Each structure stands twice: as C-alpha cells, then as structure tokens.
Amino acid sequence: MNHFPRRHALAALAGAALALSLTTPAFAQKKLTLGFAQVGAESEWRTANTASIKDAAAKAGINLKFSDAQQKQENQIKAIRSYIAQKVDVIAFAPVVTTGWDTVLKEAKAAKIPVVLTDRSIETSDPSLYVTMIGSDFTEEGRKAARWMLDNVKGDVVHIVELQGTVGSAPAIERKKGFEEVIAGKGSYKIIRSQTGDFTRAKGKEVMEAFLKAEGKKINVLYAHNDDMAIGAIQAIEEAGMKPGKDVIVISVDAVKGAFEAMMAGKMNVSVECNPLLGPQLMDIVKDVVAGKPLPKRINTKEGIFTADIAAKEFPNRKY
Ligand code: GYE
C-alpha cells in the first residue's frame, strides 16, 4: 500500500473541513426563535395575516412558534408564558384587547425577552414593557370611512347602524372613535344602533338581523368595522328583502378579497384598506431587536381606500 497518496488525501480532507468550518455552522449565527401569539382565525384579514407571518418567518430563516388564541385573552397569556418558559429570543403578539397585559409582560421583561406588538395596540402604564408596535392607524381608518359617507351619502337625515369589532379591542375602539369624530356636529348623520359582531360573519349577520327587526327600512347606512361582518350583514339585508349597496349603503374596513367580490356584485359600496401583510416587516424588526438596533415606538402600515366603481379594475392586483 502506498502511504503518500493517502496522507495527501487526508490533508486535503482536513483543509476542506477547515474551509467549510470558516464559512458555515460554527461561525454562522444561531437561528432565532420567535414565539407568536395570534388572536385567532376570526376573519379573512386574520387568515392573510397568519399566512404572511408564517411565510415571512420561513423566508427569513426564523424558527417560528405559533399559537392561535381563538379570540381569548387568557389563551394568549398562556401562550406568552409558554414562550417565556421555552426561552425564545423574541415574543410577538397581536393583543386581542387593549388592557390586562402588564403582569405577563413584566414576566417577559424579567426573563429578558423582548416583546413586539403587531396589529393591535395596548394600554399600559409602563411602555418599556414592549419594544415597538407595528400596525395600522385604526382611528384614521374610521375617519376615512366617515369622510367617504359625508361625500357620497346625502339626505335630511341619514340613519346609520354600526357593527363594532371585538369589545375592548384596539380596532373596535379606534374605528368607532375616528368615525364619530368626523360626523360630530353634522346633525343629519345619526348612529341609531351600535353593537359588537365580534369581527365574524356569523355574528355580523345575527346582529344585523336584530337591527333590521328593530329599525327596518329606516336604516340608510351600515358601517361595519370589518368586511366579514359586513358580508354577514349583507346576507341579512337580502333576506329581509332589501338591496345591500342600494337600499342600505354598506361601508366597511379591511378591503379583503371578499369585499372586492361584494363590491363587484354591487352589494358593498366602499372598504377602507387595512393591510394584514405584516410578516416581512415583523421579521426585520425581530432581527433588529436581537441586534440591539434602536426602533421607533410605533411603526404604521401604509394603506388606502377602495370604492365599488374601481373594484373590478383593482381586483387582480389584490394579494389578500
Ligand atoms: O380588521 C379584522 C380582524 O386587528 C386589524 O382584526 C385587525 C382586525 C381586522 O379580525 O378583520
């Protein structure tokens, strides 16, 4: 047996191993783990939001632990506690309601795990409990909905019914506030009924049925805090023998595909955009947080407003 070629081969192998170790594992960064506590799967918006987060995490090489709280705060708190126990690098969550988070967020802080809020904001006496919040300006969405109504729906009296989102959630509180702010002092615009439909189609339909029973043909406008409730309500309006989009003007928020379909069918008049595709921005934030980069306390997503007359033209461009 000739020893020399073997020794050469071994040396070559060792060299290759060294070269490999310089470029890969040993010196590469540890894979980051993000624990994400989602609100639930209550709407088309939420489904698109979840898909965006999962997809962006995979693309960014971030290990994602994901939980669905079925719109219950206690479930989200449990999920956050389990992420703390698992020592994830960053925790992110979309808080179902605005209040009641301080205790669990203090636990995260004590464990030195940074927290990022997505989509919905919270009320806290200690803003140091989270690093940043990324999401939409819900108050402005409410204002946009009302401004469209003032420009397009005229009459001596305009009777409005309102389907609110989940009680105590930031989008429900702020979409109501923005809308009311714009119609304040405009005597002819009156909200005659306002109730929660919990952001779902089923509840939106059920509550609209009750509104129709109580007010019937008096209703001129429906303002729904999201498209799913509006779509449920459209069914109720049709079943009551009225024409949604004509007898009852339908104003909504989110601008998901279902809203475009309703607008193209002439059953919805307008939907204010709320962009659910927060995933890529969130993954950048996660990396920045871990790298210790300073971040603004609030990052707003950019969005517009879509009307029935441009729905068919815009539809092919929609991503959610
Ligand atoms: O508008 C609604 C969803 O928090 C912005 O939650 C989100 C809202 C969205 O259920 O459809």
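Visitor: Which residues of α2 meet Gly279, Pro280, Leu282, Met283 and Lys287 in α10?
Guide: This is a predicted model. Contact here means heavy atoms within 4.5 Å. On the α10 side, the partners are Gly279, Pro280, Leu282, Met283 and Lys287. On the α2 side, they are Ser52, Ile53, Ala56, Ala57 and Ala60.

Visitor: How many nonpolar residues does the contact of α2 with α10 have?
Guide: Sort the contact by class. One residue is charged and two are polar. The nonpolar residues number seven.

Visitor: Is α2 parallel or oblique to α10?
Guide: Helix α2 spans residues 44-60, and helix α10 spans residues 279-290. Their axes come within 8 Å and cross at roughly 50°. Angles under 35 degrees count as roughly parallel, and 65 to 115 as roughly perpendicular. The crossing angle therefore makes α2 oblique to α10.

Visitor: Is the crossing of α2 past α10 left-handed or right-handed?
Guide: The pair is α2, residues 44-60, and α10, residues 279-290. As α2 passes α10, the crossing is right-handed.

Visitor: How far apart are the centres of domain 1 and domain 2?
Guide: The domain assignment gives domain 1 as 31-136 + 276-301 and domain 2 as 138-274. In contact are 13 residues of domain 1 and 21 residues of domain 2. Taken over C-alpha atoms, the centres are separated by 30 Å.

Visitor: Which residues does the UniProt annotation "domain: Periplasmic binding protein" cover, and how far apart are the end C-alpha atoms?
Guide: The annotation comes from an unreviewed UniProt entry and covers residues 39-293. That span is 45% helix and 18% strand. Its end C-alpha atoms lie 28 Å apart.

Conventions. Residues numbered from 1 in each chain as written. Predicted model: local features only at pLDDT ≥ 70, side-chain atom pairs only at ≥ 80, totals over all residues. Heavy atoms only, no water. UniProt positions renumbered as here; feature names shortened; annotations may be inferred. Helix = DSSP H or I, 4+ residues; strand = E, 2+ residues; numbered from the N terminus. Axes fitted to C-alpha atoms, helices over the stretch in contact; angles between N-to-C directions. Parallel < 35°, antiparallel > 145°, perpendicular 65-115°, else oblique. Left-handed = near helix turned anticlockwise from the far one by under 90°. Nonpolar A, V, L, I, M, F, W, Y, C, P; charged D, E, K, R; others polar. Domains from an automatic or database assignment.
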